[in-house]
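Subject: The model you asked about

Hi,

Here is the structure, ready for you to open. Have a look at it first, then read on.

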Amino acid sequence: MKIKALLLLSTIALHAQPVYIGTGKSGIFLADFDAEKGVLSEPALAEEYKAGFLAAHPEKPILYSAGGDNTVGAFTIGEANSLTQLGTAPVKGSRPSHIAVDASGRTVATANYGDGSITTVRLDPDGKPGQIATFIKNKGSGPHERQQAPHTHGVYFDKGNRFLFVPDLGTDQILIYNFDPATSELTPNDPPEFKTAPGAGPRHMTFSPDEKHAYIINELDNTIQVAAFDSSSGSLTDIQTVPTLPEDFDGQNTTAEIEVHPSGNFVYGSNRGHDSIVVYKRDPETGKLSYIQHAPCGGKQPRHFKIDPSGKWLLCGHQASDTISVLSLDPDTGRLGKPQSTVKAPKPICIFFK
């Protein structure tokens with residue numbers, strides 16, 4: 001069935017873009033996205049691996065995944081965008097929730113939510129994961145009931161490949177590490193952290209294309225925090241905090257994903273409960289955000305979304321309705337349209353454009 005599905009996908013128009021989808025225990029799925037029509041094909045199983053978040057090698061045709069069995073997996077991308085397992089390696093930590101590959105292609109980093117740890121794994125010249133270079137367990141807690149222990153939730157290299165940033169939902173910190181691409185080792189930066197509000201629960205973050213500003217989505221208090229980024233020192237400086245929810249919403253909600261539009265002019269965040277994408281306009285000079293809209297996401301609990309490379313579509317994965325919806329995006333205004341197509345996908349964790 002796997003081979004037949006991949007052959008079917010290969011018959012789709014040549015201008016379609018491959019999209020990989022991490023779905024946990026269901027595996028890595030593959031679909032094609034038609035950026036002219038805004039249509040996503042029905043996803044098909046590409047690899048039987050407990051896949052979470054996905055990342056790619058900067059030069060080689062290799063896809064990496066954080067695995068539900070506490071490993072990092074590497075897969076060679078072949079004909080018709082098929083996947084062949086290249087190798088796996090343990091991360092030592094528990095429940096790796098996020099993954100990133102450095103700009104040199106010699107290191108893969110994971111945030112391990114279960115025990116609040118960070119791992120860097122050395123990649124060999126072929127891109128295969130090998131030995132652990134650094135393993136660090138964070139310490140601390142927060143005032144929220146979900147903050148009795150550290151819960152690292154993301155890993156992000158800067159463009160200069162000098163620093164690694166790690167949001168920790170359990171301790172209300174963005175941990176900042178110096179990164180050595182020659183050895184894949186991490187050491188605490190000075191300053192070693194950026195603190196969010198108590199009980200905020202930082203989950204994920206992203207940088208503006210010019211890297212002047214960082215945008216942090218806080219899962220527990222439903223906010224987006226804006227910070228100035230100093231690329232020479234690695235420091236973050238607080239600028240602004242805005243809500244992800246409308247003032248009149250009084251239901252249960254947690255945030256999930258955040259992304260800056262490729263133009264750098266807009267910022268998007270997902271609400272699980274309100275089931276929407278909040279859209280803000282970004283001031284390129286100050287980094288500050290001004291509200292544009294709340295757009296219905298097309299399903300329940302939008303855990304992850306991704307803006308396509310053209311900047312004209314947003315693909316949103318819904319963990320509670322097992323679907324992915326395509327929303328139109330106006331690159332001039334930043335506004336999202338109504339979900340115009342939806343396909344089935346088992347509990348999508350990560351949507352990744354090749």
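Below are notes on confidence, one sheet and two pockets.

This is a predicted model, in which local features need pLDDT of at least 70 and side-chain atom pairs count only at pLDDT 80 or more, while totals for chains, interfaces and linings use all residues. Residues are numbered from 1 along each chain as its sequence is written, and side-chain values use heavy atoms, with hydrogens and water left out.

**Confidence.** The protein averages a pLDDT (the predictor's confidence in each residue, from 0 to 100) of 95, and 96% of the residues score at least 70. Helices (H or I, at least four residues) and strands (E, at least two) are DSSP runs, numbered from the N terminus. Among these elements, strand 18 (residues 213–218) has the highest mean pLDDT, 99, and helix 1 (residues 2–10) the lowest, 46. Over residues 3–13 pLDDT stays under 50; for that stretch the model has 14 contacts (heavy atoms within 4.5 Å) beyond four places in sequence.

**A four-stranded sheet.** Strands 9, 10, 11 and 12 form an open sheet in the order 9-10-11-12, with antiparallel pairing (two strands pair if DSSP finds at least two bridges between them). Strand 9 (96–101) and strand 12 (129–137) are the edges, each pairing on one side only. Inside the sheet, strand 10 (residues 107–112) and strand 11 (residues 117–123) are joined by six bridges; Thr110 has Thr119 of strand 11 as its bridge partner.

**Pockets.** A pocket here is an open set of points on a 1 Å grid over the protein atoms alone, where a 1.4 Å probe fits, with protein on both sides within 12 Å along at least five of seven lines; lining residues have an atom within 4 Å of a point. Volume is the space filled by probe spheres set on the points, which are joined across faces, edges and corners.

The largest pocket has a volume of about 1,200 Å³. Its lining has 40 residues, with Tyr156, Thr206, Glu259, Lys306 and Phe352 the closest to the centre. Strands supplying at least two lining residues each include strand 9, strand 17 (202–207) and strand 21 (254–260).

The second largest pocket holds about 410 Å³. Of its 21 lining residues, Arg95, Pro96, Ser97, Arg303 and Ile349 lie nearest the centre. Strand 5 gives the largest share of this lining, three residues, and strand 9 again supplies at least two.

Best wishes
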